[in-house]
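Please open the model in a viewer and keep a selection tool at hand. The tour below moves from one selection to the next and states what is to be found at each stop.

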Amino acid sequence: MPKTLKNVIKFICFFGIGVLLIWLVTKDLTPEQWDQINVAFRKANYWLAIPAVVMGLVSHWLRATRWKLLMKPLGHQPSTLNTFFAVMVGYLANLAVPRLGEVTRCGILAQYEKIPADKLVGTMIAERAVDMVCLLLLIAVTILTQIDVLGAYVHHDIYLPIAAKIANANGTQLLLLAAAVMVFILALLWLLRRFARSKAAITVKALAKGVMEGILSIGKMENKWSFILQSILIWGCYLSQVYIGFYCLQETSHLGISAALAVLMIGSIGMIVTPGGIGAYQALVQKALELYGISYVIGYAFGWIIWVVQTLLVVFVGFLSLVALPILNKKQTAAPAKS
């Protein structure tokens with residue numbers, strides 16, 4: 001199957017998931033709730049979105065400079081502007097098809113900086129591995145610092161309903177459930193053994209190996225502390241965006257860093273699920289804010305406001321980067337060499 005057709009199919013599938021999620025979240029909204037959402041949009045202080053946009057730009061710039069640190073041990077020092085433009089075009093591509101942006105930005109930088117694409121892919125895998133570690137750390141910190149809020153949610157909304165269903169089940173139903181679990185485990189073990197040498201399994205193993213090598217390579221970097229600091233600052237910018245965003249709506253302006261951590265954690269997962277997080281981001285953010293006493297409609301409106309601000313930033317700067325890349329590099333090529 002041609003690669004372009006595969007990407008089109010991926011886009012349709014992931015975009016369809018996003019649309020489905022939007023429909024599932026909004027299908028039961030009453031006219032009064034729609035009116036409340038419209039009022040929230042109209043009353044929002046969009047001027048406060050400006051500092052959130054600035055923090056977004058800073059995070060993207062830091063991502064570019066951090067990526068350069070991974071290329072230095074390979075003997076390559078691309079210009080920061082080219083690297084930043086490549087990162088932004090990559091984000092733009094991710095709005096169409098998840099993970100397409102990683103390949104796109106590597107291809108762009110390889111084209112304009114004459115760096116072997118395979119080396120860039122290696123640095124990209126290392127960078128994504130670090131981001132995954134950062135996300136896992138964020139999840140751990142959020143849970144440990146808010147065990148009362150999150151623990152109560154898990155207990156009341158997950159554990160108790162499941163326990164009640166098990167308690168109300170008769171002997172036949174319990175036996176069927178146990179048999180279903182056993183069949184699932186046996187089927188999973190059979191599939192793992194059956195496809196252990198398949199192309200997909202080999203690809204996953206190679207990816208896992210590349211991620212581990214990427215993480216271990218950071219310890220050998222000359223500027224590893226700068227890399228770690230920039231990674232912390234990137235996620236700090238993400239957290240600042242959410243925290244500043246709270247002040248856009250009066251109903252969320254009282255929320256603090258704890259709520260921002262929870263929104264960032266669950267929102268980051270939503271951004272992975274669908275292209276640009278459409279549908280998934282808004283739904284998950286709404287559920288997170290519900291834990292802090294924010295109503296359904298306000299939480300959903302807030303999710304849309306933050307998502308729109310982030311997406312417009314990527315679209316605007318991404319297209320600007322597409323235009324600027326050939327112009328910038330044409331000027332550099334045409335510039336006379338210094339004596």
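Select Glu127 and Arg66 in this predicted model: both residues are buried. Their side chains form a salt bridge, in which the closest N and O atoms are 3.2 Å apart. The pair links distant parts of the chain, since Glu127 belongs to helix H6 and Arg66 to helix H3, 61 residues apart.

**Second stop: Arg63**

Keep Glu127 selected and add Arg63. The side chains of these two residues also meet in a salt bridge, with an N to O distance of 3.5 Å. Because Glu127 lies in helix H6 and Arg63 in helix H3, this pair ties together parts that are 64 residues apart in sequence. Are the two partners buried or exposed? Glu127 has a relative accessible area of 0% and is therefore buried. Arg63, at 3% relative accessibility, counts as buried because the limit is under 20%.

**Third stop: Asp131**

Now add Asp131 to the selection. Asp131 forms a salt bridge with Arg63, and here the closest N and O atoms are 2.7 Å apart. Asp131 lies in helix H6 and Arg63 in helix H3, so this pair joins parts that are 68 residues apart in sequence. Asp131 counts as buried too, at 6% relative accessibility.

**Fourth stop: the network**

Extend the selection to Arg63, Arg66, Glu102, Arg105, Glu127, Arg128 and Asp131, which are joined into one network by salt bridges that share partners. In general, side chains of opposite charge can pair when their charged atoms come close. How many salt bridges does a search of the whole structure find? The search finds eight.

**Fifth stop: H3 against H6**

Display helix H3 (residues 49-71) and helix H6 (residues 117-145) as ribbons. The two helices pack at an angle of about 125°, and their axes are 10 Å apart. At that angle, H3 is oblique to H6. Their crossing is right-handed. To see the contact, select Arg63, Arg66, Trp67, Leu70 and Met71 on the H3 side, and Leu120, Thr123, Met124, Ala126, Glu127, Arg128, Val130 and Asp131 on the H6 side. By class, this contact comprises seven nonpolar residues, one polar residue and five charged residues.

**Sixth stop: H5 against H6**

Hide H3 and display helix H5 (100-113) beside H6. The axes of H5 and H6 cross at roughly 140° and come within 9 Å. The two helices are therefore oblique to each other. The crossing of H5 and H6 is right-handed. On the H5 side, select Glu102, Arg105, Cys106, Leu109 and Ala110; these meet Ala117, Leu120, Val121, Met124, Glu127 and Arg128 in H6. The contact of H5 with H6 has seven nonpolar and four charged residues, and no polar ones.

**Last stop: Lys114**

Finally, follow the chain from H5 into the loop that leads to H6, where Lys114 is located. What is the phi of Lys114? The value is near 55°, which is positive in a residue other than glycine. Most residues other than glycine have a negative phi. Lys114 counts as exposed, because its relative accessibility of 66% is over 50%.

Key. Residues are numbered from 1 along each chain as its sequence is written. This is a predicted model: local features need pLDDT of at least 70, side-chain atom pairs count only at pLDDT 80 or more; totals for chains, interfaces and linings use all residues. Side-chain values use heavy atoms; hydrogens and water are left out. Axes are lines fitted to C-alpha atoms, for helices over the stretch in contact, and angles run from 0 to 180 degrees between N-to-C directions. Helices (H or I, at least four residues) and strands (E, at least two) are DSSP runs, numbered from the N terminus. Angles under 35 degrees count as roughly parallel, over 145 as roughly antiparallel, 65 to 115 as roughly perpendicular and the rest as oblique. A crossing is left-handed if the near helix is turned anticlockwise from the far one by less than a right angle, and right-handed if clockwise. Contact means heavy atoms within 4.5 Å. Ala, Val, Leu, Ile, Met, Phe, Trp, Tyr, Cys and Pro count as nonpolar, Asp, Glu, Lys and Arg as charged, and the others, Gly among them, as polar. A salt bridge is a side-chain nitrogen of Lys or Arg within 4 Å of a carboxyl oxygen of Asp or Glu. Buried means under 20% relative accessible area, exposed over 50%, partly exposed in between (1.4 Å probe, protein chains only).
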